[in-house]
Amino acid sequence: MKVPLRVDEKASSQREYFEVWYDDDKHKTVKSPVYPYFYSKKPLEFRNSVRSETTAKALSDLQETLFYRHKFRTRKELVQARNDDTFEDNIPFVIRNRIDVPDFFYQFKQTELRFLFFDIEQETTNGIFPTYDDRITSIAWATNDRKVKSIYLNKDRLSDKTLIELFIEQYQKIKPHIIVVYNKDYDIPTLLRRCEKNNISTVKLSKTKKKPYFGGKEDYHIDGTVIYDVAQSAFKDQSLNGEVENRGLKEVSNHFGFKEKRAPLTPKQMNEYIGTKTLARYNMDDVRRLMLVFNVYWPNIEFNANDLGIPLNFAVEMNTSNLALITLGDEFKKQNIISDGSNAQRYPEIFQRKKKTGEKNYEGALVDIENTGTVRPCKKADYSSLYPTIMAEFNLSPDTTTLITYEKYRNKFEIAEHDDYFLYAVPDKEMKKTLIIKVLKKRGFAANLVKKNLDERSIYKQRYKKTGNLRDKALSSNRKVKANGGIYGIQGSAHHPFGFAPIAVTTTAIGREVMKILLSVIRDFYGNVIYDVDTDGVYFTCNPKEFNKNRIRTELAKRLEERFHKKVNLSIDFDEYKAGYFYKAKNYVLLTLDDKIIFHGNTMKSSSKNILSRELIFQLAKAKLFDKPTKPIVDQFISLDFPLKHFAMNVRMGKHLHQYKNDSILVKRLALIAKEELGLTPEQGNIYHYVKTNDGYQLYQLAKKEDIDRKYYLQQIDTILEVFNETPQQQSLEEWL
DNA sequence: GCTATCAGGCTACCT
DNA sequence: ACAGGTAGCCTGATAGCG
């Protein structure tokens, strides 16, 4: 590595420091190269602050402007001082230092990286999912040599204390820099809480005297160690969309070619096999799967850390906002631009107007379903990197794009070309206005930056296809991420200092137009064959003999050029499926060429559904796609002859308890029952399993099979039958009952 | 007093 | 705190009906 393992912000009352972890477990506290600061246009006075003057272009109008720079001793003092007249006052301090002193973190190198890949298995005593009261039954791990080891609980041993102690002994020998897990929200807290329950000090896992702790911006902190959750990378990976049935370790590792020697265990088997080699082997296989998926994503993270000059812990936790601060921050510095307010402040007509509930700041993508039902074969055409490419191709950049005025809404995107600029009339149904946007022909810096990243990306992508070199793959992914989230992504953000709303509004509007053009080509070639349309892609069907990708591409390019008065470098890719079943917008099922069924949308795959519904959906979808009869399935399900577990639905507590607007919200009621009856503290992120009984809703743990509201569940089955266009059963059934 | 309908609040999902 | 767009479930208010 060219950068440190991790950097943590530390402050005294007098100034800011960084605790930097680098080389072999060395850590030292260094002064931050820059002090916390923000800007203002007015000559403000603050306590504990030093003021200086500088001229720069203001982001709002690109005019040379006098700015006052206010320097503080600590972040805390800055936070206390900032107000509506201050700018660039919410940039994370490590990122601020990285933008201002790009080489700073390169001074501290973590040359060696010791990894600990690990996975734990737990007993499940409530039949649903293990809790912190359940024993750990097996721990498997590996280090840099990738040899997998395990410790598992003896059959006749009731406590997991010795097991955990043995593992921690190994841990202390390994002294890992990076802990690699799949779902850190499970493995890390489970290990820590089981330590606590067994009176084992968790300090043993730390590189200092400080105990690992929960909370803060990275959820779980262990001093001197970086936790890398491979699942987070898998969830972010858009290239898995439509390729895997879910983002669990099994599916994802199989997708990347894990060679399965043993069938995975069911939760029931995991309980039955406690104290056997079978469970330990299963556990070890999961570590092998983990390492395989790790190999796919880790190179990108290491690459990004080195490329951006940020500590590894920041690269692991990187979000769109911070990435944009770095990529655009470097460019703003070159251009001598200072942000004089967030999008919300610079464009109050867009962000601060009175909005009804559900009304958005501006109009987004084109989404539609034109036909429903089973379709065979099924094709998809989609634009690659649609929004960033539009930004690059249409030269959308803060220094070229100006919102001239608002006009009355008319549902028509119009273009007028002038000598050195284009004028676009951009309709927006959320604002109920048409925005007149002027875009200079002189190349803009942000558009160029996107273009540079997209161009490089396609070179590396081609090269990777040819050579299979993983460095090319990492480079390709790095440039895509930079273009997508790092530059385009934040343009519509209300609070990001570098967002530029006219770019976002124009980009989505052009996106809708180019999508309409693609739809027109398909319709003109093949007729009324369009099913689902979403943002940059369209599902359709056509006679295999008439399907001609190049003909579509050629016609599309021609129509794009006519419409926009210039060559537009937007390209489309194609995907092919054996069949599809389309229900509503964003809700459909696909059958891949290798007979995998892929579910899309809330109706089809919501994790909150009960096993009963999920299983019925799966079987009906299978029957539809393989053209098999559905009657036997229906007959089986309407008996409702299933264990209680199959009726349990679940809901996640998305907010803190006090944030709920009224007491009748189901998840809040369940959380309070769980607190009262089971002593479970209501916490954001908790998942509650519940069933519908004749008296209302009840926690699964407290419900009995005979209390089940049969009518409710029969209705649930009917709803699913209607989704698949099957005749509802309930009426006849009720008569029969 | 019952049922149907709708808006509001929430979660989950898609691009 | 990257965004907007769609769908479904539940509750409570209200309208319509007998």
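# Getting to know DNA strand C and the protein around it

Biologist: How far is a phosphate oxygen of DNA strand C from an N or O atom in the side chain of Y583?

Modeller: This is a predicted model, in which local features need pLDDT of at least 70, side-chain atom pairs count only at pLDDT 80 or more, and totals for chains, interfaces and linings use all residues. Residues are numbered from 1 along each chain as its sequence is written, chains are lettered from A and ligands numbered from 1 in the order in which they are written, and side-chain values use heavy atoms, without hydrogens and water. For Y583, the distance to the phosphate oxygen is 3.4 Å.

Biologist: Which residue has a side-chain N or O atom 3.5 Å from a base nitrogen of DNA strand C?

Modeller: Let's start with Y697, whose side chain has an N or O atom 2.9 Å from a phosphate oxygen of the strand. Of the strand's atoms within 4 Å of the protein, 79% belong to sugar or phosphate and the rest to bases. The residue whose side chain pairs with a base nitrogen at 3.5 Å is K586.

Biologist: How many charged residues are there in the surface near DNA strand C?

Modeller: A residue is near the strand if one of its heavy atoms lies within 4 Å of it. By class, this surface has nine nonpolar residues (Ala, Val, Leu, Ile, Met, Phe, Trp, Tyr, Cys and Pro) and 12 polar ones (Gly and the others outside the two named classes). The charged ones (Asp, Glu, Lys and Arg) number six.

Biologist: Is D575 buried, partly exposed or exposed?

Modeller: D575 touches C378, K379 and K380, leaving out residues up to four places away in sequence; contact means heavy atoms within 4.5 Å. Buried means under 20% relative accessible area, exposed over 50%, and partly exposed in between (1.4 Å probe, protein chains only). The relative accessible area of D575 is 32%, so this residue is partly exposed.

Biologist: What kind of aromatic pair do F294 and W298 form?

Modeller: Rings of Phe, Tyr and Trp (its six-membered ring) pair if their centres lie within 6.5 Å; planes under 30 degrees apart count as stacked, over 60 as edge-to-face and the rest as tilted. Both F294 and W298 are buried, and they sit four residues apart in helix 8 (residues 277-308); a helix here is a DSSP run (H or I) of at least four residues. With 5.5 Å centre to centre and 15° between the planes, the pair is stacked.

How values were computed
Polar contact = N/O pair within 3.5 Å; in protein donor to acceptor, adjacent residues only side chain to side chain. Helix = DSSP H or I, 4+ residues; strand = E, 2+ residues; numbered from the N terminus.
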